[in-house]
Amino acid sequence: MSYLLRIDASASGASSISRQVADSFTAAWSGDIVRRDLALNPVDHLGAVGITARTMRADEHTPEQKAASRLQDELVQEFLGAGAYLFAVPLYNYSIPSVFKAWLDHIMVVGRTIGLGGAVPSAGRPTLIVSARGGGYGPGAPQHGKDFLVPALETILGDPNLMALDVRAITPELTYAPSVESLRHLVPQHRASLESAHTQARRQAEEFSRITATRAIA
Ligand SMILES: Cc1cc2nc3c(=O)[nH]c(=O)nc-3n(C[C@H](O)[C@H](O)[C@H](O)COP(=O)(O)O)c2cc1C
């Protein structure tokens, strides 16, 4: 039976806003959940051993390549077994947390998860990115256009020739406002963004539950 695959990448544990908003999603989700916490249990970076193992026959693998293949198989099977995805990935240095990028490098495998013109097993599966950030990146903000996480993940996960997932994003902003003096005047905007994020997360969970239930029957 398929499940929601929840991946966490914030290093901040229970105080992480991305995790808290993702918790609102899972509280409203009806179905099984498989969780992988990359902050607690990061995966190794994909190295030459793992890359070469992909294109070599299994019976020719060195012991190191066997180990790399085992990890890759575990991650790919866990990914493909899901019917929906929840990725709690804060904005770190304008971009994707490195632990999440390392996980992506393992699961993006041509012919297994990536189509590149061929069939894409995960096509159309609903996917939610929850990405808290210290600053503001909306229209009119000085940093507008400098969020390189959501656009990158929309391409990596959503491109029809790659994973072809049905990607949505929730971005609770200005999480630094309560603690950084120069941003304190933006606390009301931060609170509104946070409240809206929790509401959107619950709504998305209800929608994802409906979509996956319909797909299970079809
Ligand atoms: C390593 C690191 C890099 C960060 N880089 C940025 C950044 O580029 N832009 C930004 O707005 N906030 C940045 N922040 C702030 C985080 O995005 C903010 O604390 C956010 O709430 C983290 O998500 P979390 O609460 O889910 O852990 C950074 C925080 C850390 C720890």
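I count two residues as in contact if their C-beta atoms, placed from the backbone, lie within 7 Å. With that in hand I opened this predicted model and began at Arg 133, which touches Pro 90, Leu 91, Thr 171, Glu 173 and Thr 175 once residues up to four places away in sequence are not counted.

**Entry 1: Arg 133**

I looked up where Arg 133 sits, and found the residue in the loop between β4 (126-130) and α5. Is Arg 133 buried or exposed? Arg 133 is buried, because 23 other C-beta atoms lie within 10 Å and the cut-off for a buried residue is 20 or more. I also checked its separation from Ala 68, and the two are 65 residues apart in sequence and 33 Å apart in space, taken C-alpha to C-alpha.

**Entry 2: the chain as a whole**

I then stepped back to the overall fold, for which I noted 6 helices and 5 strands, arranged along the sequence in the pattern β-α-β-α-α-β-α-β-α-β-α. The radius of gyration is 18 Å, close to the 17 Å that the globule rule gives for 218 residues, so the chain is as compact as a globular protein of that length. The C-alpha trace spans about 60 × 40 × 30 Å along its principal axes. Of the 218 residues, 36% are buried, and among contacts with a separation of 6 or more, 75% are between residues 24 or more positions apart.

**Entry 3: helix α3**

I turned next to α3, which covers residues 63-80, has 18 residues and reaches 26 Å from its first C-alpha to its last, close to the 26 Å expected at 1.5 Å a residue. Which residues of α3 are buried? I found Ala 68, Gln 72 and Phe 79 in that class. Seen down the axis of α3, these buried residues fall within an arc of 30°, so they line one face of the helix. An α-helix has 3.6 residues a turn, so residues three or four places apart point the same way. On the face of α3 turned away from the buried side I listed the exposed residues Pro 63, Lys 66, Arg 70, Glu 74 and Gln 77. As for what covers the buried residues of α3, the list includes β1 (3-8), α2 (48-55), β3 (82-88) and α4 (98-107).

**Entry 4: helix α4**

Since α4 is among the elements covering α3, I examined α4 in its own right and found Val 99, Phe 100, Trp 103, Leu 104, His 106 and Ile 107 buried. These residues cover an arc of only 160° around the axis, which puts them on the same side of α4. I noted that the buried residues of α4 pack against β1, α3 and α5 (150-158).

**Entry 5: two strand residues**

In strand β3 I picked out Leu 86, which counts as buried because there are 26 C-beta neighbours inside 10 Å. Leaving aside neighbours within four places in sequence, I found Leu 86 in contact with Leu 4, Arg 6, Ala 22, Phe 25 and Leu 128. Leu 86 and Phe 208 are 122 residues apart in sequence, yet their C-alpha atoms are 10 Å apart in space.

I set beside this Ile 33 in strand β2 (residues 33-37), which is partly exposed, with 14 other C-beta atoms within 10 Å. Ile 33 touches Tyr 3, Leu 4, Arg 6 and Thr 26, again not counting residues up to four places away in sequence. The C-alpha atoms of Ile 33 and Arg 6 are separated by 6.9 Å, although the residues are 27 apart along the chain.

**Entry 6: the loop between β3 and α4**

I looked for backbone angles in the loop between β3 and α4, where Asn 93 is found and where Tyr 94 lies as well. Phi of Asn 93 is near 50°, a positive value in a residue other than glycine, and Tyr 94 has a positive phi of about 65° although it is not a glycine. Asn 93 is exposed, with 9 other C-beta atoms within 10 Å, whereas Tyr 94 is partly exposed, with 13.

**Entry 7: the ligand**

How many residues surround the ligand? I noted 16, of which the closest are Ser 18, Pro 90, Gly 134, Gly 135 and Thr 175. The shell divides into 6 nonpolar, 8 polar and 2 charged residues. Going back to Entry 1, I see that Pro 90 and Thr 175 are also among the residues that Arg 133 touches.

Notes. Residues are numbered from 1 along each chain as its sequence is written. This is a predicted model: local features need pLDDT of at least 70, side-chain atom pairs count only at pLDDT 80 or more; totals for chains, interfaces and linings use all residues. Helices (H or I, at least four residues) and strands (E, at least two) are DSSP runs, numbered from the N terminus. The expected span of a helix is 1.5 Å times one less than its number of residues. A residue is buried if 20 or more other C-beta atoms lie within 10 Å of its own, exposed if 12 or fewer, and partly exposed in between; C-beta atoms are placed from the backbone. The arc is that of the directions from the helix axis to the C-beta atoms. The radius of gyration is taken over C-alpha atoms; the globule rule is 2.2 Å times the number of residues to the power 0.38. A residue is near a molecule or strand if its C-beta atom, placed from the backbone, lies within 6 Å of it. Ala, Val, Leu, Ile, Met, Phe, Trp, Tyr, Cys and Pro count as nonpolar, Asp, Glu, Lys and Arg as charged, and the others, Gly among them, as polar.
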